[in-house]
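User: Please take a close look at one part of this model, the packing of a helix pair. Add the strand pairing that comes after the pair in the chain.

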Amino acid sequence: MERNPIFHQTRLRLAAWYTLVMGGILGLSSLGVYSVVAHAYRETIDQGLQSVANALHKSIEPAWQQPGQLQRLAKEFSLELCVAQTNCLPKTTSIKKSITETANPVNYYIRLLDRSGKIFASGGMEIDNFSITSALEHWQILTDSSGTRYREITLPLYTQNQISGYLQVARSITDLDQHLVYLRLALVLGLPISMIFVGLSSWWLAGRAIQPVYLSYQQMQQFTADAAHEFRTPLAAMYSTIEAAIKLQQEPKANSGILDVLKRQNRRLSQLVGDLLLLTRIDQKELTGEYQPCCLNDLISDLTEELAFLAVETKVNLSKQVQFSENLYIVGNEEQLYRLISNLIANAIQATSSGGKVTVFLGKSELYAMIKVEDTGIGIAPEHQLRIFDRFYRVDRARSRTSGGSGLGLVIAQAIVQAHKGNIHVQSQPGQGSTFTVRLPLSP
């Protein structure tokens, strides 16, 4: 399977698409897992903070604006009172009772604010570098000067059904940030590793999926090769018999037409068998031969002379144009190059109506020799240009039946070009003609 470029590329594309799709699914799944876990962490923190704040609120609100009771609460909760209504922050304090029992050892702080939002009392962790002036929002996240983040809840304190102050309770969410960092690291490192395993698995699965198709393709190749090989012997015998019958016929005028038709059809069938055998060799990577310096000038000159009779029969003007005086050499198999150029010229002649022109150009660039076969024929529609190099594909089937084309000439031409490390492409407009351009590497 690896030797066949069609199946190798198909397997590679299947594996790539499978990996891409699975990568997208894993990426979205990772994003979803991260969002769910982060949301769960935040909900847990908010629920705990809400529980602590509610417990403190129930204890503090009845004594709010009662100096004796506030002194008792301040002593009980280790709060420092700021009677002068100025900012005061304890250096080292600890909150007892409800906070220590509920969330120890998480760092908490509490603040009591008056109606205007000024600090009245505070306690908890050391927050010397923390801003105490913040909006009185129900939930908010604050960051101190060292970059530590805090989750804060603010609850109103009522006196005679009117807001007379606020209770703020906050805790550090450093543990949450650390958990999320570890989670992101695990997902970021885990996704590429998972993609590697997905890629290897998809390559193996793609191979398993196309294995039956490849086996069928091999059987078809083997059948084509065997059938073509078996056809050669009876065809050769038929050809010899027809030749002998022509020489020994008693009534030339009566039988010559029939024998000529048999001979012509036998030649067409023999050529088709030869093309099938050549395609089998191409598929099995057996298109080899002796590579040596070949003169393209001589090759094109010989072919234009040899195919001149075909051009004369169809009343087509066949000519050549060489853009330089010196001979142009490439390293290749002369027999295969002969087949390549003859296929292109013969196709151009057959596609051109009487009075048209077929011109063979020979040029070169810095690295490539360029052969162009230009005709003024019927042209090729854009929807056909992508398929003319497919096997047995014929643009005009009626014309192919009359001219003897089998739809294999361009396939063989392309295979020969690729075997010589070159490329071939076509430019065509319906009704104006076609130009086939072949680029072959120059000999060093």
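Analyst: The helix pair comes first, then the strands. This is a predicted model, in which local features need pLDDT of at least 70, side-chain atom pairs count only at pLDDT 80 or more, and totals for chains, interfaces and linings use all residues. Residues are numbered from 1 along each chain as its sequence is written, and side-chain values use heavy atoms, with hydrogens and water left out.

Helix α6 spans residues 296-306 and helix α8 spans residues 334-350. Helices are DSSP runs of H or I with at least four residues, strands are E runs of at least two, and both are numbered from the N terminus. The axes of α6 and α8 lie 10 Å apart, at an angle of about 45°. Axes are lines fitted to C-alpha atoms, for helices over the stretch in contact, and angles run from 0 to 180 degrees between N-to-C directions. α6 and α8 are therefore oblique to each other. Angles under 35 degrees count as roughly parallel, over 145 as roughly antiparallel, 65 to 115 as roughly perpendicular, and the rest as oblique.

From α6, the contact (heavy atoms within 4.5 Å) uses L299, I300, L303 and E306. From α8, E334, L337, Y338, I341, S342 and I345 take part.

Now the strands. β10 (residues 357-364) pairs with β11 (residues 368-375) in the antiparallel sense, over 7 bridges. Pairing requires at least two DSSP bridges between two strands. β10 and β11 form a hairpin, with 3 residues between them. G363 has M370 of β11 as its bridge partner. β11 also pairs with β13 (residues 433-441), antiparallel and over 7 bridges. There, E374 stands opposite T435 of β13.
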